[in-house]
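Me: I have a model open and want to go through it by question and answer. Please keep the replies short and reasoned.

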Amino acid sequence: MDSTVCIRAAQLVTASGDFISNEALANTIPNAADGEEDDPFVCAIIGAQGSGKSTLLNDLFKTEFPVLNAIETGPKRTTEGIWFALMRDPERKDQIVLLDVEGLDSKERGAAGKLFEHRVALFMACVVDVIILNLFAHDVGRKNSATHRVLFSVLEESFRLSGDYRKRKRATLIVAFRDYSEDDGTVQELSQALLDDLCELWRQVSGSTDSRLEDFYEIEFCGLHNKQFEYRLFQTELEELKRRITDRWCCYSKSTSSCSSFLALYNDLWTQISCRLQSLESDDSAISTSIVEPLIAFHCNRIVRHIIEDAREKIGVIHSTILEHFSEEHSIAPKVLEIHERCLHKYRWMARHFLDSKPYQEKEQELLELLWSQPDGELATLIRQYCLVVTDNTCRRFEEDFAPVLGGTATFEEQAQRIREKWSSNLSSYLSSQSRILGSVPVDSQTLQETCIERFEHYTTNCVSERRQQGVLMLPSFHGYEQNFHKNSGKRGLLQRLRPIIIRAVVIYLNYLQAKQTAKNMHKWRRRCDLNMPLGPTF
């Protein structure tokens, strides 16, 4: 990950708990709009105030989070609210969001700090993939330390958010023992001692022994020696910690679009959390329990809306490039399948923290309905329009093939039937091939194919009937004229008798050509209407 580029840090949530507007963030980070993630991989750091959280992120990722200068400002809070920075990999074209959270034990907040802790913990439970717990090695085993209370808040909100959904994507909790030395014990000994404390905290949070902490978090430990006194050893351990984080980034981060989209999602999520928590007047044990399911439903619904808007843009491109400039060489089925799979993949990635919850499943079904419901689903409409364009194109090619056939001749019916069967078979085969490409997507291919064949048969039947009638007029029977022909078999007499028939045939043929051109113009007009106007009532 040496090719990563860091965009300088900016504040995401103010000290008063207000989310920074997207416009302000765009001005603070000029390159933010060039991002390529709808919901990027997220890494957050938590810990006690003044424990070196911002410094550790700056050392890991070369960010520029503000750090404490005790000589100039004294021991006061430096990070206020939540700050964030973007790490971008130009080769992979994706990003990781780094969240620097203020010390949740801040004395400056006083009594209001508990509510802010819940807001931050619930927000992190909704969006974070990797949590770094910044912990001094000598604080391990101290249950009254500030870190102990921070951990309790985070685990409490994680459990309440997840409930009984055992199959949710597990986040990673990496515990960094700061200023570690062998005098404190080995990393394995410290890890076991802290793991025992974590399991005890989890039993308090869950209220039962059935739920295990390992079902929700992958827990890892690492020791970081003192940077000032053991610099080289610290750098080696720092690189190892960075490798662990970036490995998970490479494994999980897959979806792409724009940076401003995830900022808008986070803004809505933070606003909802703040409003719902402030509306509760109950004690801490009731906080989050009554808002979890509505919160998940709101966030998943917001994700679905974002995905549908993105899908509509891609459908518009397909509409303008393929439908308006139709060619059978450019099949629409693979592109539709790509949009369908991309929408599902993006939803499952962006809502990965709520996997298998009831709102998650409901909104996934709603997403499929918005894409494939009849007759208004986005992809269902696109497929229907494409099939109608294919049918109209087949009708036009049938008409070109049928043009030389004259009505009223002995072989007219045979020729007409042969040409109809030929193009009907071609249309059916092409539509069947498109259905096979679409595979298991929820589209009623059989009904759509029957509709197109019926449309083709109706059109060709009208063409054959019209040509048959024109043939009767253009080539009338000679019955009744045979005796007159034999009375005067001279050339002049024959021309005199055929003259009115020839004139009539020429007039009828000219009328036929004019009617044919008018029909073509009407066909083109109807085709434009089908592409630009929805099928069915428009009132």
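Me: Which residues form a nonpolar patch on the surface, and what is their accessible area together?
Reply: This is a predicted model. The nonpolar surface patch is made of Ile502, Val506, Tyr509, Leu510 and Leu513. Together, their accessible area is about 450 Å².

Me: Is Leu510 buried or exposed?
Reply: Leu510 sits in helix α16, which spans residues 491–532. Its relative accessible area is 51%, and the cut-off for exposed is over 50%. Leu510 therefore counts as exposed.

Me: Is Cys452 buried or exposed?
Reply: Cys452 belongs to helix α14, residues 445–474. Leaving out residues up to four places away in sequence, Cys452 touches Cys387, Leu388, Thr391, Leu427 and Leu431. Its relative accessibility is 0%, and buried means under 20%. Cys452 is therefore buried.

Me: How far apart in space are Cys452 and Val390?
Reply: In sequence, 62 residues separate Cys452 and Val390. From C-alpha to C-alpha, the distance in space is 8.7 Å.

Me: Which helix gives the most to the largest nonpolar core?
Reply: The largest nonpolar core has 132 residues, and Leu99, Phe177 and Ile245 have the most contacts inside it. This core draws at least three residues from each of domain 1 (9–258) and domain 2 (302–470). With 12 residues, the helix that gives the most to this core is α9 (residues 292–323).

Me: Which residues does Phe177 touch, not counting those up to four places away in sequence?
Reply: Phe177 is one of the residues with the most contacts inside the largest core. Beyond its sequence neighbours up to four places away, Phe177 touches Leu135, Ala137, Val140, Val187, Leu190, Ser191, Leu194, Phe221, Cys222, Gly223 and Leu224.

Me: Is Asp179 buried, exposed or partly exposed?
Reply: Asp179 lies in the loop between β6 (171–178) and α6 (187–206). Its phi is positive, near 55°, and Asp179 is not a glycine. The relative accessible area is 33%, and partly exposed lies between 20% and 50%. Asp179 is therefore partly exposed.

Me: What is the phi of Lys62?
Reply: Lys62 is in the loop between α2 (53–61) and α3 (70–73). Lys62 is exposed, at 62% relative accessible area. Although Lys62 is not a glycine, its phi is positive, at about 60°.

Me: What share of the residues in the protein chain is buried?
Reply: The protein chain has 16 helices and seven strands. Of its 539 residues, the buried share is 49%.

How values were computed:
Residues numbered from 1 in each chain as written. Predicted model: local features only at pLDDT ≥ 70, side-chain atom pairs only at ≥ 80, totals over all residues. Heavy atoms only, no water. Helix = DSSP H or I, 4+ residues; strand = E, 2+ residues; numbered from the N terminus. Buried < 20%, exposed > 50% of the residue type's maximum accessible area, 1.4 Å probe, protein only. Contact = heavy atoms within 4.5 Å. Patch = residues over 30% accessible without salt bridge, like charges linked within 9 Å, V, L, I, M, F, W, Y side chains within 5 Å. Areas by Shrake-Rupley, 256 points an atom, 1.4 Å probe, with all protein chains shown as cover. Salt bridge = Lys/Arg side-chain N within 4 Å of Asp/Glu carboxyl O. Core = buried A, V, L, I, M, F, W, Y, C linked by side-chain atoms within 4.5 Å. Domains from an automatic or database assignment.
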